[in-house]
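This report describes a metal site, the state of selected side chains and a small sheet. The sequence and the structure are shown first.

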Amino acid sequence: MEQFTGMKNFEHKKNITRIVSLVLCAAISVLFFGCRLNKTDSKTEFVLGTVCSIEIPKTKTSAALLEACFSELRRLEKVFSANDASSELSAVNKTAYKAPVVLSENLAALLTQALDIAHKTDKAFDPAIGAVVKLWNIGFDTARIPAQSEIDNVLPEAIVENIKLENSDAGTTVFFTSEKVKLDLGAVAKGYSADYIAALLKANGVKSAVINLGGNVLTIGKKFFTNDNWKIGLRNPSGSADSVKLILSISGKSVVTSGIYERYFEKNGVRYHHVLDPKTGYPVKNNLMSVSVVCESSTYADALATGFLVMGYEKSIAFLKQSEKMHGEKVDAVFFFDDGSWKSTNDSIILDMAK
Ligand code: FAD
Ligand code: MG
């Protein structure tokens, strides 16, 4: 996938050519087969640092509902962005080590889930890792390899144990017990936003929809005007950007992929990608190219896709065996390896294999 540059090019990124090329390059694509007799309404916009699209059945109010969804996505970006100095998250990162900060409802809800998953994944996914992410700045013009001393200076304290969430009369507050903690919710905010938009659509009577936030796909109900499952194409991580490797068949679920092949820079022939191992502070190294997670909660799928990429295949499988007990919902995953092979935890969700 094309690399994003910083906020300075944000307006430019909205141009339609870029949107079309990014949609084609998404790690996950929603595939439509056959012609549709009934009509749908859709909207695509660059928000949350990526191309987002939502499609719902066409009604008298569908256009206004889509506009409301995108207005909410733009609002959520101002809450969660680690790249916008005026976001709520940036304000929290500036002061929460000095005194507890009262959080908005959305930030409190996402942070509560993120801390829970960080503990469950034994910090393979850890939202406290923001200072290390900023050292690398992968995906931006200023990406670089930090000195080991810079990593050592922040890494030991950039951990979830140093984040304290509390409920008080004023609301949920957060306090960092170390100045080295900086929140980064980039690995989970698209998932949360998808769940949030799905709830908004359902509250407005929508029974069938597809929400695609930069390849973070959440489906509502069955495919438009049919009783069929949605067909979701997973990109071949070893192939070109538009090559589909597997087609999943799902309904009412989310599919989220985390990969090492989309956002990276190269130096002296070495590729440095954006998913960091919280144990080393370096881009994670194992035999995985990407992991796609399938479950009802897009928040959980997003965090787990990142966490599994860090854990590696065996630890992820062990986690999944426990996960139904721990989280109370069925989770499946598809793992793509660097030798071109793949493994799935549930072959019944795989409809087809592309050549
Ligand atoms: P995921 O695997 O889901 O997430 C990887 C990201 O999570 C990394 O980029 C890093 O930020 C963080 N991370 C790395 N390792 C870990 C770990 N072990 N545990 C937890 N987190 C980790 N991109 C731009 O280029 N410009 C923008 O202005 C911009 N604004 C954004 C605003 C919002 C609200 C969001 C949600 C994203 C934005 N992005 C922007 C994209 C963002 O910087 C991340 O690159 C993106 O969210 C990564 O998502 P992913 O699905 O590719 O990978
Ligand atoms: Mg993720």
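Cys69 is buried, its relative accessible area being 0%. The model is a predicted one, and it holds zero disulfides. Cys295 is likewise buried, with a relative accessible area of 0%.

The magnesium ion (ligand 2) has as its donors Ala187 (O), Asp302 (O), Asp302 (OD) and Thr306 (OG1), at 2.1 to 2.5 Å. Along the chain, the donors of this ion follow the spacing A-x114-D-x3-T. Asp302 and Thr306 both belong to helix 9 (residues 298-311), where they lie four residues apart, about one turn of the helix. Asp302 is buried, with a relative accessible area of 7%, and Thr306 is buried, with a value of 11%.

The accessibility values are collected below.

| Residue | Relative accessible area | State |
|---|---|---|
| Cys69 | 0% | buried |
| Cys295 | 0% | buried |
| Asp302 | 7% | buried |
| Thr306 | 11% | buried |

The sheet is considered next. It is open and consists of three strands in the order 4-6-5, with antiparallel pairing. Strand 4 (101-102) and strand 5 (163-168) are the edge strands, each pairing on one side only. Helix 5 (residues 105-120) packs on the sheet and touches strand 5 and strand 6; the direction of helix 5 makes about 130° with that of strand 5. Two bridges join strand 4 to strand 6 (residues 171-176) in the antiparallel sense. Within strand 6, Thr173 is the bridge partner of Val102. In general, strands of a sheet pair through backbone hydrogen bonds, either parallel or antiparallel.

Notes:
Residues are numbered from 1 along each chain as its sequence is written. Chains are lettered from A and ligands numbered from 1 in the order in which they are written. This is a predicted model: local features need pLDDT of at least 70, side-chain atom pairs count only at pLDDT 80 or more; totals for chains, interfaces and linings use all residues. Side-chain values use heavy atoms; hydrogens and water are left out. A disulfide is a pair of cysteine sulfur atoms within 2.5 Å. Buried means under 20% relative accessible area, exposed over 50%, partly exposed in between (1.4 Å probe, protein chains only). Donors are N, O and S atoms within 2.8 Å of the metal (3.2 Å for Na, K and Ca); water is not among the atoms, so sites may look incomplete. Two strands pair if DSSP finds at least two bridges between them. Contact means heavy atoms within 4.5 Å. Axes are lines fitted to C-alpha atoms, for helices over the stretch in contact, and angles run from 0 to 180 degrees between N-to-C directions.
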